[in-house]
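Visitor: Please choose one part of this model for a close look, and then set that part within the chain as a whole. I should like each technical term explained where it is used.

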Amino acid sequence: MSHDISDRRHAVAEEQAFLDLALARHAAVLAQLEAEIAAAPADDVGRARSASLRRRHAELRHAGEALVFGRLDAADGKVRHIGRIGLHRADPGLTGTPHDASSTPSEDNEPLVLDWRAPASRPFYTATPLHPQGQARRRHVRVDGPTVTGVDDEPLDHSHDGRSSRAAALVGEGALLSALGQRRTGRMTTAIATLQREQDDIVRADADGPLIVQGGPGTGKTVVALHRVAYLLFTHRRMADQAVLVLGPSARFLDYITQVLPALGETAVVSTTCDDLVPGVRVQREESRVLAEIKGRSSWQAAIESLVAEHRPTATDLTAHWDGEEFVVPAAQVTHSLAAVAARPYHDARRVFSEQFRQILTDAVVERREAMLTEVEEGYEDILEKFDRSSAAPGGPAGGASGVEVDGALTEDDVEELRERIAGSAAVDAVLTAWWPDLDPAPMLRRLLSSPQALRRHAPHLTDDEIALIAAEPEGWSPGDVPLLDALADALGEPTPPPAPGEFIADRARAQRGWVYGHVVVDEAQELSEMQWRMVLRRCPSRSVTAVGDIDQAEASHRHTSWAQAVRSTFGDRWRAAELTICYRTPREVMDLTGPVLEKAGSRNSPPRAVRSSGVTPWEETMTEDEIPARTAQLVAGMRERWAGGTVGVVTTAARAGALTAALPGVPVLTATGAKGLEWDATLVVDPAGITAGPRGWNGLYVALTRCTQELGQVHVTPESSRTGGIVSE
Ligand SMILES: Nc1ncnc2c1ncn2[C@@H]1O[C@H](COP(=O)(O)OP(=O)(O)OP(=O)(O)O)[C@@H](O)[C@H]1O
């Protein structure tokens with residue numbers, strides 16, 4: 001035992017010495033970057049360089065939190081330290097870069113700290129005693145600021161083959177369980193030190209097509225998705241240049257994950273919800289489930305295309321006036337030009353047609369001018385001829401006009417000037433606009449949705465009842481309208497190229513509806529409607545998409561119960577599946593309750609296997625309606641006391657949320673939908689029967705029950721004044 005303690009002390013001292021070295025190097029690199037930023041010239045090149053240095057500075061500053069968190073001792077004796085960011089021993093390049101990631105460092109250029117995303121770091125996440133990958137030991141280094149507080153060692157050599165199957169399934173069990181047992185702060189933190197094998201496989205998977213990750217509650221889907229973003233941005237320069245889009249289920253969820261990517265040093269990321277994805281469009285009201293389902297169907301794509309097709313102009317003679325003369329471009333020529341732009345979006349086609357039209361007009365004006373000049377010239381030559389003849393007569397003037405050639409052509413400069421005048425002509429523009437107007441998607445969609453006739457014409461998939469429901473909707477956009485607006489804006493195309501403000505790529509991407517991202521991550525992907533999936537695809541035509549979700553937590557109004565159904569209209573069968581099987585959040589005591597709930601939800605899956613137990617037995621209490629406000633306040637107060645320094649949340653029905661929020665000041669009271677993706681140390685579920693009464697209610701209850709990391713309480717509501725149960729255990 002004492003031998004163990006002295007070994008441990010020695011290990012801590014050893015890691016402290018290394019951390020001191022890494023911190024000193026970190027400070028030196030930061031200072032060097034600061035000097036370079038200060039010295040950067042104020043011209044354009046200097047500003048661009050300084051922006052890139054500032055980004056690296058910010059990335060490095062964030063890395064201070066997890067400068068070193070692990071160590072691998074190879075079987076050949078080589079020692080490598082792993083950290084949030086690569087750090088070289090001496091000057092070249094100062095920090096690890098994506099370029100470094102793909103090349104194995106040479107002996108003499110071995111980095112001081114290896115970036116966790118570099119290929120050489122991989123065994124830290126994947127080596128096992130059965131497959132040690134050339135490693136003899138994995139060490140997790142626990143650090144508090146500049147101080148090493150402990151180490152967890154895992155031998156990976158064959159002498160430890162006989163370890164328990166659970167331990168063999170987990171990587172760095174001690175460090176993992178310690179991280180999972182921490183109080184929750186209301187903000188997700190990074191998990192780079194304790195990513196598990198099945199998670200790491202997904203983080204580093206190829207990004208060249210859609211990857212759909214199924215995982216039960218608490219299996220680390222969000223963790224995996226966010227670490228994957230950091231990994232992809234590090235590994236593929238292209239993604240950093242195009243930015244990555246992260247779509248989450250709610251603003252509250254985005255707030256919850258807000259610090260993970262900056263803590264991983266990433267700035268080329270836009271995080272938003274489907275509702276907020278289209279710049280300039282705000283959701284102003286909710287909609288019924290029925291309407292949400294109707295508007296989510298992929299058949300709207302055809303309806304939108306039909307609507308736009310109806311607005312395209314039909315060929316006709318086009319008449320323009322130039323310098324007081326009338327020019328007619330005949331319908332046959334217009335037909336020809338229209339056919340050439342038929343495949344382009346509406347505004348794009350208009351722009352190209354307009355250029356062609358102006359060219360045709362220029363040619364016509366030139367032709368007529370030249371014809372006129374020729375006429376004038378011929379008349380002039382007649383006169384000259386007559387004049388020549390008369391002057392050739394004895395006594396006529398000396399010399400003659402014969403031999404003077406006027407060829408009736410305009411000079412190139414004349415034609416160019418004419419072309420420019422026609423290009424900038426408001427009168428010509430007016431002719432085009434009257435026939436092919438610019439269209440604004442918002443009023444156009446509003447007109448479609450409020451007109452039963454138009455709906456019947458363009459959306460033949462809708463029944464009369466469905467049309468009546470849509471047409472009776474009030475003003476203001478609802479969530480289901482946003483993908484329709486996006487589809488319409490896309491089919492129309494941008495009338496003029498949008499501006500691109502902002503220093504960072506993410507600012508520019510966020511401001512442009514038509515931005516094409518390098519990769520898109522969708523969290524809680526089971527909730528997306530087919531039309532929302534199309535919004536995703538429009539932003540990533542390369543289909544480099546990672547979607548994480550739990551089909552068993554689906555509450556949305558669509559009727560999908562499998563991923564194949566959910567993404568068929570988007571990806572067909574061209575997507576890869578991956579699975580996460582271990583629940584890190586919810587303790588075993590709670591997960592044991594969820595099997596029957598899942599069954600009632602109609603799922604054939606089993607809940608994921610909980611990795612830990614909290615030692616707290618879930619409890620329930622029954623009370624009358626009148627007792628709810630005061631008694632739940634007492635129960636929540638008890639929970640807050642038990643989990644002091646942590647968080648407590650309440651999940652209930654939409655109908656009860658308002659009154660409970662008033663009764664529980666300072667406590668988040670959410671519906672199951674609102675609680676998606678979130679977690680607290682302790683959760684109180686109020687009125688589980690009420691939650692299950694709604695459509696997909698059992699899925700909702702499954703979400704509600706799985707939000708806690710430690711303690712679960714349930715409050716049942718009874719109409720009688722009889723009350724049973726109580727706190728069973730703490
Ligand atoms: N490898 C890990 N190391 C440390 N913590 C982890 C790890 N994996 C998951 N966790 C923690 O487990 C909890 C659940 O993770 P996460 O929210 O990513 O799960 P999820 O699958 O998205 O859950 P849900 O479906 O309920 O939204 C979080 O607190 C997360 O930090």
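Guide: The account below begins with the numbering and the confidence of the model, turns to one sheet and the loop beside it, and then widens to the rest of the chain.

Residues are numbered from 1 along each chain, in the order in which its sequence is written. The model is predicted, and local features therefore require a pLDDT of at least 70 and side-chain atom pairs a pLDDT of 80 or more, whereas totals for chains, interfaces and linings use all residues. Here pLDDT is the predictor's confidence in each residue, on a scale from 0 to 100. The chain has a mean pLDDT of 88, and 89% of its residues reach 70 or more. For the complex, the predictor reports an ipTM of 0.99 and a pTM of 0.86.

The part chosen is an open sheet of 5 strands with mixed pairing, in the order β3-β2-β1-β4-β5. Its edge strands, β3 (114-115) and β5 (147-155), each pair on one side only. Strands (E, at least two residues) and helices (H or I, at least four) are DSSP runs numbered from the N terminus, and two strands pair if DSSP finds at least two bridges between them. Strand β4, residues 135-144, runs antiparallel to β5 and is joined to it by 8 bridges. Within this pairing, R139 has D153 of β5 as its bridge partner.

The approach to β4 also merits attention. Q133 lies in the loop between α4 (123-126) and β4, and its phi is positive, at about 50°, although Q133 is not a glycine. Most residues other than glycine have a negative phi. Q133 counts as partly exposed because it has 14 C-beta neighbours inside 10 Å. The scale behind this word calls a residue buried if 20 or more other C-beta atoms lie within 10 Å of its own, exposed if 12 or fewer, and partly exposed in between, with C-beta atoms placed from the backbone. G134 belongs to the loop between α4 and β4 as well; it counts as exposed, because it has 12 C-beta neighbours inside 10 Å. G134 is in contact with A74 and A75, leaving aside its neighbours within four places in sequence. Contact means that the C-beta atoms of two residues, placed from the backbone, lie within 7 Å. The C-alpha atoms of G134 and D73 are separated by 9.0 Å, although these residues are 61 apart along the chain.

A positive phi of about 50° also occurs at D323, in the turn of a hairpin formed by β9 and β10 with 2 residues between them. Those strands, β9 (318-322) and β10 (325-329), pair in the antiparallel sense over 5 bridges, and H321 stands opposite E326 in β10. D323 is exposed because 10 other C-beta atoms lie within 10 Å.

In the wider chain there are 29 helices and 21 strands, and 40% of the 730 residues count as buried. Among contacts between residues at least 6 apart in sequence, 75% join residues at least 24 apart. The largest nonpolar core has 160 residues, and V229 and V244 have the most contacts inside it. Such a core is a set of buried Ala, Val, Leu, Ile, Met, Phe, Trp, Tyr and Cys residues joined through C-beta atoms within 7 Å. Helix α8, residues 221-235, gives the most to this core, with 10 residues. Beyond four places in sequence, V229 touches V244, V246, L261, E266, V269 and V521.

Helix α8 is also, with α6 (173-180), a helix that supplies at least two residues of the shell around the ligand. Of the 24 residues around the ligand, A191, T194, G220, K221 and T222 come nearest; a residue is near a molecule if its C-beta atom, placed from the backbone, lies within 6 Å of it. The shell divides into 9 nonpolar, 11 polar and 4 charged residues. In this division Ala, Val, Leu, Ile, Met, Phe, Trp, Tyr, Cys and Pro count as nonpolar, Asp, Glu, Lys and Arg as charged, and the others, Gly among them, as polar.

Finally, pLDDT stays under 50 over residues 161-167, where the model has 5 contacts beyond four places in sequence, and over residues 725-730, where it has 12 such contacts. Where pLDDT is low, the predicted coordinates should not be read in detail.
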